[in-house]
Amino acid sequence: MTRFQIKDDFYLDDKPFKIMSGAIHYFRVHPDDWYHSLYNLKALGFNTVETYVPWNAHEPQKGRFDFTGILDLERFLDLAKSLDLYAIVRPSPFICAEWEFGGLPAWLLTQEVKIRRYDPVFLRHVADYYDVLMPKLVERELDRGGNILMLQIENEYGSFGEEKAYLRAIRDLMLERGVGVPFFTSDGSWRATLRAGSMIEDDVLVTANFGSRAKERFTSVQDFLDEHGKKWPLMCMEFWDGWFNRWKEPIIRRDPEELAQSVKECLELGSINLYMFHGGTNFGFMNGCSARGEKDLPQVTSYDYDAPLDEQGNPTAKYYALKKMLQELYPEIDQKEPLIKASLEYKAIPLKDKVSLFEAIDSLAKPTVSTYPQTMEELGQSTGYLLYRTHLENDKSEPERLRLIDGRDRAQVFVNQEHVITQYQSEIGDDIFYQLPDGESQLDILMENMGRVNYGHKLLTETQRKGLRQGVMADLHFLTEWEQYCLPLDNLEALDFSGQWQSGQPAFYRYEVELDELEDTFLDLEGFGKGVAFINRVNLGRFWQVGPILSLYIPKGYLKKGRNEIIVFETEGQAPDTINLIKKHHYLKMEEE
């Protein structure tokens with residue numbers, strides 16, 4: 001018997017079933033905390049968990065797969081099942097999710113490929129990925145003893161394309177690998193996106209994404225279903241209960257009571273998936289980026305999302321407002337008290353070592369030599385930093401004119417290890433005038449990939465290559481003979497602190513703290529400029545003094561009893577002699593707040 005069916009309603013074991021789901025991305029939450037988040041979802045009275053599956057995290061290099069630790073999707077789904085939670089899984093090649101490149105692996109940028117299109121090369125890569133992924137999901141389908149109710153084919157495709165042959169090809173790749181649960185698509189709630197992105201002609205469930213005015217949005221979806229003669233249940237696959245945040249912008253908040261009433265309106269008409277229920281963290285370099293005209297706007301490390309559970313996983317005012325509303329709407333609902341984690345603080349952790357990047361570079365990377373600079377992707381790197389180095393002669397007494405031609409995303413230019421200028425995406429290409437000393441000088445350019453776009457037309461591959469994409473000009477000619485140091489910073493074991501430190505240069509700083517008891521905490525980075533921080537060699541993510549957040553979340557699972565090592569890579573030459581662990585985030589007060 002097929003336990004879960006989609007007819008005029010959702011049916012589970014032949015009884016009408018309202019899906020009350022919350023989004024928890026396993027790859028944004030420390031594995032030790034999965035139970036905490038899933039339990040709190042169940043305690044609210046919800047019955048289902050939803051998650052994306054990020055291709056770029058699971059296949060960071062072509063043919064090299066990782067489903068361990070924070071990427072152990074199978075363990076996450078099994079844990080949800082143990083709590084009697086059903087699962088909705090979204091394993092589409094593209095996920096958006098405010099995640100680096102929308103979940104697409106950066107190595108695609110080295111291929112002659114058209115992403116999210118009926119392109120044989122792209123589909124072959126998806127097929128190779130699905131060969132590994134799909135068996136893990138198929139054996140966890142509901143009818144096979146697991147908890148998966150349905151799978152997504154593509155994500156908001158109606159906001160990108162309308163090629164039905166591509167959508168059918170993705171579906172067929174799943175079917176060929178044994179998928180037996182129902183499929184769905186999710187798009188904006190208006191007709192244009194539903195028409196472009198749905199597979200209604202193929203009897204694939206249509207769902208919509210919105211965050212308010214459920215009656216109005218569902219009416220639009222119902223009109224589309226009626227137009228095609230479909231009597232299906234209504235579902236909001238992403239009910240946006242908060243929003244993500246970008247650097248230099250104030251934190252976005254939503255009133256808890258207003259949210260609860262908006263969710264109630266949605267539940268009275270159909271099923272729901274709260275996006276997000278627990279947002280978590282963009283650990284490492286995995287934050288996405290918003291495409292805005294000529295400028296791309298990178299998002300912050302925290303994916304708190306102003307969700308019912310905060311970044312740490314603890315209930316917020318929204319959680320309790322939803323809990324009260326659900327009690328009134330469904331008096332028979334089974335609710336429990338949520339779990340709450342503690343936090344620790346430790347002040348004035350002393351600086352132990354510091355070393356300039358230029359002194360430590362040879363311990364971190366071996367240079368790749370080429371006539372002209374190569375992009376990050378050409379060098380086999382996906383995220384992080386790249387240091388480009390060449391030499392140039394002084395040909396004249398007046399300042400030299402330098403130009404970086406077509407680079408992404410952020411460039412710091414140094415001559416003889418002295419900082420000359422920092423340029424961002426919109427400034428790269430502008431003239432740089434600098435008086436060179438007599439003879440030969442060393443030119444260093446530190447490029448940072450600040451995050452690839454996760455949504456929209458700029459996903460097209462030619463726009464998302466990082467590093468120096470054309471070259472560097474002095475006077476009217478391109479410079480040659482480059483050394484390139486790849487700095488993904490995914491392994492700091494060889495980092496050598498024995499070299500010198502120079503003010504005004506990018507540098508590494510090492511702090512140590514002894515901990516007797518372990519709890520979650522937050523690393524306060526006030527006093528630093530810009531960079532990334534590591535706890536016990538784990539990359540916690542980016543920080544930046546422009547705000548809105550001046551701290552990074554540290555899950556308890558990344559700490560250990562005894563000595564803990566904090567390393568900060570800071571690019572602006574700003575660092576204090578002590579650092580603090582605090583009990584909650586440190587926010588920068590923004591003018592608009």
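**Group meeting: a barrel, two pockets and one annotated stretch**

I'll start with the barrel. Eight strands form a closed barrel, in the order β4-β5-β6-β7-β8-β9-β10-β11, and their pairing is parallel. From one strand to the next, the twist averages 30°. Bear in mind that this is a predicted model.

Take one pair from that barrel as an example. β7 covers residues 148-155 and β8 covers residues 183-188; the two run parallel and are paired over three bridges. If you want a place to look on screen, find Leu151, which stands opposite Phe183 in β8.

Now the pockets. I'll take the second largest one before the largest, since it involves barrel strands. Its volume is about 430 Å³. Lining it are 27 residues, and those closest to the centre are Cys96, Glu98, Glu156, Trp243 and Tyr455.

Which strands each supply at least two residues of that lining? They are β9 (205-210), β10 (235-240) and β12 (289-292). Of the elements, β12 gives the most, with four residues. β9 and β10 are also strands of the closed barrel. By class, the lining of this second largest pocket divides into 13 nonpolar, nine polar and five charged residues.

Why does the second largest pocket lie between domain 1 and domain 3? Because both domains give residues to its lining: domain 1 spans 4-329 and domain 3 spans 372-480.

On to the largest pocket. Here the volume is about 1100 Å³. The lining has 33 residues, and Ala57, Pro60, Met286, Thr383 and Asp490 are the closest to the centre. Two elements give two or more residues to this lining, namely α2 (55-58) and β28 (538-544). As for its chemistry, the lining of the largest pocket counts 18 nonpolar, 10 polar and five charged residues.

Last, an annotation. UniProt, in an unreviewed entry, lists residues 506-564 as "domain: Beta-galactosidase galactose-binding". In the model, that stretch is 0% helix and 56% strand. The C-alpha atoms at its two ends are 23 Å apart. β28, at 538-544, is one of the elements behind the lining of the largest pocket, and those residue numbers fall inside the listed range of 506-564.

To recap the main points: a closed barrel of eight strands with parallel pairing, a second largest pocket that lies between domain 1 and domain 3, and a largest pocket with α2 and β28 in its lining.

Definitions and conventions. Residues are numbered from 1 along each chain as its sequence is written. This is a predicted model: local features need pLDDT of at least 70, side-chain atom pairs count only at pLDDT 80 or more; totals for chains, interfaces and linings use all residues. Side-chain values use heavy atoms; hydrogens and water are left out. On a 1 Å grid over the protein atoms alone, a cavity is a set of points where a 1.4 Å probe fits but cannot get out, and a pocket is an open set with protein on both sides within 12 Å along at least five of seven lines; lining residues have an atom within 4 Å of a point. Grid points are joined across faces, edges and corners, and a volume is the space filled by probe spheres set on the points. Ala, Val, Leu, Ile, Met, Phe, Trp, Tyr, Cys and Pro count as nonpolar, Asp, Glu, Lys and Arg as charged, and the others, Gly among them, as polar. Domain bounds come from an automatic or database domain assignment. UniProt positions are given in the numbering used here, feature names are shortened, and annotations may be inferred rather than shown by experiment. Two strands pair if DSSP finds at least two bridges between them. Axes are lines fitted to C-alpha atoms, for helices over the stretch in contact, and angles run from 0 to 180 degrees between N-to-C directions.
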